Each structure stands twice: as C-alpha cells, then as structure tokens.
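Here are a few notes to help you find your way around this model. Keep the 3D view open as you read, and take the points in order.

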Amino acid sequence: MKSAVETLNPTRVRLTVEVPFEELKPSLDAAYKKINQQVTVPGFRKGKIPARVIDQRFGRGAVLEEAVNDALPKFYTDAVNEGDLNPLGQPEVDITELKDGEVLAFTAEVDIRPALEIPDYSGIEVTVDAVEVTDEDVDKAVEQLRDRFASTTPVERAAAEGDVVTIDLEAKVGGEILEDGVAQGVSYTIGSGELLDGIDEAVTGLEAGSSATFTSELKGGSAQGKEAEVKVDVTAVAARELPELDDDFAQLASEFDTLEELRADSRKRLEQSKVYEQATQAQEKVLDALLELVEVPIPEKLLEDEVNTRKHNLEHHQLGQMGMDLDGYLKVQGKTAEEFDAELREQAEKGIRTQFVLDELVNKEKLSVGQEELTEHLMRRAQSSGMSPDQFAQAVVEGGQVPMLVGEVARGKALAVVVEAATVKDTNGEVVDLEDEEEDATAETAEAASEESAPESGDTAAEGQEAAEKAAKTGETGA
C-alpha cells in the first residue's frame, strides 16, 4: 500500500491511498465466504459454492463491493498511522479507482489536531481576590443558620412580610384554568421571592379565609411566559420566630457549646471556602493567560458540531428539567437569539482551544496519570453526579469513557504545571501559595473549560474506520 498526505489547511488533510490488488485477497476470500453462507444455489451444498459460480450468479461486482467494505477501514487506519496523524471525527472517503485484478485507490479528507507551539509560560502573572472574611460575613452565615431553625406559630391576624402563609393557587390564561395551574397547600414565606411576581403584594394584609387575584407572568409549565390571572386563597397565617442568638442556639444548631465557638467555626469555614475560590480564580486566570500566548487554529466542522452539541444539551436536558424552553430561557436572560448563539460559539471555541493546548502540554511535559489519581478523580466526579462511586465507575466503563477521564486528569496536571510556574498575587500585592488547593481546583478548571469539546484522539480511529466503511457501503465511490 502507498499513501501520501496533502495538507489542505492547518487543521485538515487529504490522504491519497493506492492499494495493490493482491492486498485485497484476504478481504476477497472473506467476501466469498460470507456470500456462501447467505445464498443458495441448486446443485451445491450451502457454503460450498465455487467462487466462479458466485461470480456468474451474483456478479463479480457484488463480491468486490463486499471486499472493499471489509478492507477499506483497515487501509484508512494504516494510512493514518503511516502519516502519523491525529484525526478528529469522521473522514470523507471517496474511492477514485477500482480495477479488478489491478488496483484500489481512494482519498480520505479528515480534520486533524493542529500542530501547536507552546511558548515559555513562566512569565505569566495574574492577580486574584484576597482572602478576607469580615465580621459581617460571619454574621450573615450565622443568620442563615439561625433562619434554618426558625419556628412558626399560627396567628389570627392579617399576613405581613416575613410571615409563612399556607395558600391555594389557581391560574387562568384566556379565562381557562390551566391543567398544571392549580396547587393546594403551598407554604410560602412572604418576601422570599420564591413564587410568582406579585404574590407578595396580593397576600400581604390577608387573613386566613381571604382571597385575592393578581396578574403575573408564568415562569414555567405549559403556559410559560404568558400572562395569567392568578387567584390565591390564604388558608393559614403563621408568624416565624427566630431562636435567640446565645449559647443555647449554638448547642441546638451545632456541636459547639458556645456561640463564640460557633462563630469561630463559621469564620474558619468561610476562610476555607474563600481560599478554594481564590485557587479556582487563579487557575481560570492563568488558563486565560496561557491561551492568549498560543495560536490555535480550529477545524470549522468540529466547532459547529460542538456548538450544536452544547445547544442540544441545554435545550433537551438542562432546560427540560427546569420545565423551560429556549425562548423562555432567553427572555429570562435578557438575550436575543443572535447574542446567545454568539456567546455559545465563543464558549465552544474556548473549550476546544483549551483541550488542544493542555493536551499538547501533556505531551510536551510527558505527563502521565496514575491509578490513584484516576480513582480520586472518579470519586470527585461521582460525588458531583449524585451517583455512588461504584455506579459511576460502572457507567464510565460501560460507556467506554475511561480515556475521557484520563484526559481530564492529565489536562488538570498540565494546567497545574503552568500555574506552578506562574506568579499569582492577591489584590493586597501578596504572593499567593496555592499548593494546598491547587490539585482539585486545576482539575475542575481544566474540565470545565474544555467540557464537551474536541473528541478524544483515542476515539477517532474507530470513528474513521466506521466512516470509511459507510462510504464504501453507500456507494460514495466516484469509481
């Protein structure tokens, strides 16, 4: 077999492959054997039909087509390996010549990972927020905890802000009651903003047994985004009572004996959270600075596929779970469809650039992923997915996603190398030591930035074989 590579642009090549006919013999033998098992010819036992009879009865062309279907994926893969290419996605295969007994020739155009030059990144400098926890921050955290331990007492008076009311709701659009617009026994804290716009004003001043009607735009359901006439019936009013901020509260709400100890623990937790946020901010800023240093050409088809994937996931998974469609989402976000598409394309492009650059760094720095590192990453991913580690691991293995997880860990390690070489200062001018928080933060930052981006190189060989086979089977031959 002979093959040549023509570079069409920095991210796309054309392979020209010429195969001597004798190299098709194993596939021809397999084709005759397969046809033998599928057909019946009077006078011959099944599986024992001579090749010449098959040619006469069914045509030599059918045999050649079956042989090419079998051989083409292997020849394509051999050409990719010979050209030392990193293909992305499926190739466009065209059989240019097929002469019985002489030669098979075909071309295959495919996107490839671009060759990148990673410059010296040791001079990167970024500034992050300083870790500062104020008394007001601690007060707010303690108040949030106090709010969780609030109690309610039924009262016989008009409802006021802060009260908890039990209500029944009925929504009409165009005078018709919506099937999903009726709710009963809903508990609502006045002023929380957790229900429909206008409900606070409607129920304030009402006593148990009273009703009101107001107009509001529905945030979800079958009539999402439409103006509805909503009737609200108040069935009960209760006053919220917060516990006193004292040592008794500390013992009720925590493992501490005194309020002072509870406040000290709250401060410590807030500091830990801000340290982690600081580390994450540093990773993101260092990554952005790194991407500015590297010119990354992106295959247009890969980018379009990535944009479509992200849009599909948003519409059919994330928004679907929220009972919202894309139009409603855009309205809530205050964006036009054009602004949304531009933003989505920008995010997709950054994701692809991030993966290309960090993968190149993995190769440049000769980084590898150990079993312990992979296990730790799997545990984190399982926790964020809401699955048990065993369930998540089983899903990963069955879905063939182990290489994807390995890539995530490797890219996190590559980003950590850059962060270690960079200078990170806080807004007070102090150099920040990220050593304790760096590993988890870099893994998550790299994963988030390149999420759902370019396909793993380990997947592309199989995709290429599949595409080559499809091209042969569907007659995209040009022969």
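1. Let us begin with two charged residues: Arg 12 and Glu 109 are both buried. Please bear in mind that this is a predicted model. The two residues form a salt bridge with each other, and their closest N and O atoms are 3.3 Å apart. Arg 12 belongs to strand β2 (residues 12–20) and Glu 109 to strand β4, so this pair ties together parts that lie 97 residues apart in sequence.

2. The pair has company. A network of salt bridges links Arg 12 and Glu 109 with Glu 6, Arg 14, Glu 92 and Asp 111. Across the whole structure, a search finds 28 salt bridges. As background, side chains of opposite charge can pair when their charged atoms come close.

3. Strand β4 is also worth a look for its pairing. Strands β3 (residues 87–99) and β4 (residues 103–112) run antiparallel and are joined by nine bridges. One of the pairings to look for is Leu 98 with Leu 104, its bridge partner in β4. The two strands make a hairpin with three residues between them, and in the turn Gly 101 has a positive phi of about 85°.

4. Next, try a salt bridge within one helix. Asp 78 pairs with Lys 74, with the closest N and O atoms 2.8 Å apart. Because the two residues are four apart in helix α3 (residues 60–82), about one helical turn separates them. Is Asp 78 buried, partly exposed or exposed? Its relative accessibility is 28%, so Asp 78 counts as partly exposed.

5. A further salt bridge joins two helices. Arg 381 pairs with Glu 408, and the closest N and O atoms are 2.6 Å apart. This pair links distant parts of the chain, with Arg 381 in helix α11 (residues 371–385) and Glu 408 in helix α13 (residues 402–421), 27 residues apart. Arg 381 has 18% relative accessibility and therefore counts as buried. Glu 408, at 9%, counts as buried too, because the cut-off for buried is under 20% relative accessible area.

6. Finally, turn to the surface. Which residues form a negative patch there? They are Asp 247, Asp 248, Asp 257, Glu 260 and Glu 261. Helices α6 (247–253) and α7 (259–293) are the elements that give two or more residues to this patch. Glu 260 sits in helix α7, and its relative accessibility of 66% is why Glu 260 counts as exposed.

Conventions:
Residues numbered from 1 in each chain as written. Predicted model: local features only at pLDDT ≥ 70, side-chain atom pairs only at ≥ 80, totals over all residues. Heavy atoms only, no water. Patch = residues over 30% accessible without salt bridge, like charges linked within 9 Å, V, L, I, M, F, W, Y side chains within 5 Å. Areas by Shrake-Rupley, 256 points an atom, 1.4 Å probe, with all protein chains shown as cover. Salt bridge = Lys/Arg side-chain N within 4 Å of Asp/Glu carboxyl O. Lys, Arg positive; Asp, Glu negative; His and termini not counted. Charge placed at Lys NZ, Arg CZ, Asp CG, Glu CD. Buried < 20%, exposed > 50% of the residue type's maximum accessible area, 1.4 Å probe, protein only. Pairing = 2+ DSSP bridges.
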